[in-house]
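Please open the structure in your viewer and keep the selection tool at hand, since this tour moves from one selection to the next.

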Amino acid sequence: MRALLETMPDMEVVGVAGTGDEVLALAERCQPDVVLMDLQMPDMGGIEATRRIVDSYPSTAVLVVTMFDDDYSVFTAMRAGARGYVLKDADEEEVLRSIRAVGHGEAIFSPAIARRMVDFFAVPRSGTPPHAFPQLSQREREVLGLIAQGVNNAAIADRLCLSPKTVRNHISNIFSKLQVADRAEAIVRAREGGLS
């Protein structure tokens, strides 16, 4: 990505970050026009980093560039303030067009994401609410609900008749699927999804 952008006469790469904390530090120091944001990073996920950048530097546009194409990731990124969402397998022309568009204040989505959004809003909604966190298995939703209630791992294992190792595996899967770094973030997400 950096090599591609450095060949563009109308673009300048002012920094590259590998973690959420580094993204925030660079945003503060450089205040770029556009930040290309991955969703999964060490220290802090891309959603939280996006939210903080948008809150602190409203003139900086965030373009999510990621492999995650599920509804939850897309809509959470948009709610956090991202102006665009492009998949990492997009061709160079699409990526460059997206960067320029969000840099000019437009909202833009890769074609696959745009179709998902259109489908999401076009489908009539029934009166039955959908499962919170469809990316989680039923057992993972149960574990997340107990985490949100403040139940520790040993008590979760007892309540669900699971081994402590299985509980740890479920929690690791939950953190990965929800792109959270710790229990505190998982609890916030669970409460947002109505699991507490």
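**Around helix 3**

In this predicted model, begin by selecting helix 3, whose buried residues pack against helix 2, strand 1 (34-37), strand 2 (61-66) and helix 4 (71-80). Now pick out the buried residues themselves, which in helix 3 are Gly46, Ile47, Ala49, Thr50 and Ile53. If you turn the view to look down the axis of helix 3, these buried residues fall within an arc of 160 degrees, so they line one face of the helix.

Next, add helix 2 (residues 20-30) and keep helix 3 (residues 46-56) in view: their axes come within 10 Å and cross at roughly 15 degrees. Because angles under 35 degrees count as roughly parallel, helix 2 is roughly parallel to helix 3. The crossing of these two helices is right-handed. To see where they touch, select Val23, Leu24 and Ala27 on helix 2, together with Ala49, Arg52 and Ile53 on helix 3. Sorted by class, this contact of helix 2 with helix 3 has 5 nonpolar residues, no polar ones and 1 charged residue.

**Helix 8 and helix 9**

Then move along the chain to helix 8 (residues 153-160) and helix 9 (residues 164-178), which pack at an angle of about 110 degrees with their axes 9 Å apart. That angle makes helix 8 roughly perpendicular to helix 9. Which residues make the contact between them? On helix 8, select Asn153, Ile156 and Ala157, and on helix 9, select Pro164, Val167, Arg168 and Ile171. The residues of this contact of helix 8 with helix 9 divide into 5 nonpolar, 1 polar and 1 charged.

Definitions and conventions. Residues numbered from 1 in each chain as written. Predicted model: local features only at pLDDT ≥ 70, side-chain atom pairs only at ≥ 80, totals over all residues. Heavy atoms only, no water. Axes fitted to C-alpha atoms, helices over the stretch in contact; angles between N-to-C directions. Helix = DSSP H or I, 4+ residues; strand = E, 2+ residues; numbered from the N terminus. Parallel < 35°, antiparallel > 145°, perpendicular 65-115°, else oblique. Left-handed = near helix turned anticlockwise from the far one by under 90°. Contact = heavy atoms within 4.5 Å. Nonpolar A, V, L, I, M, F, W, Y, C, P; charged D, E, K, R; others polar. Buried < 20%, exposed > 50% of the residue type's maximum accessible area, 1.4 Å probe, protein only. Arc of directions from axis to C-beta.
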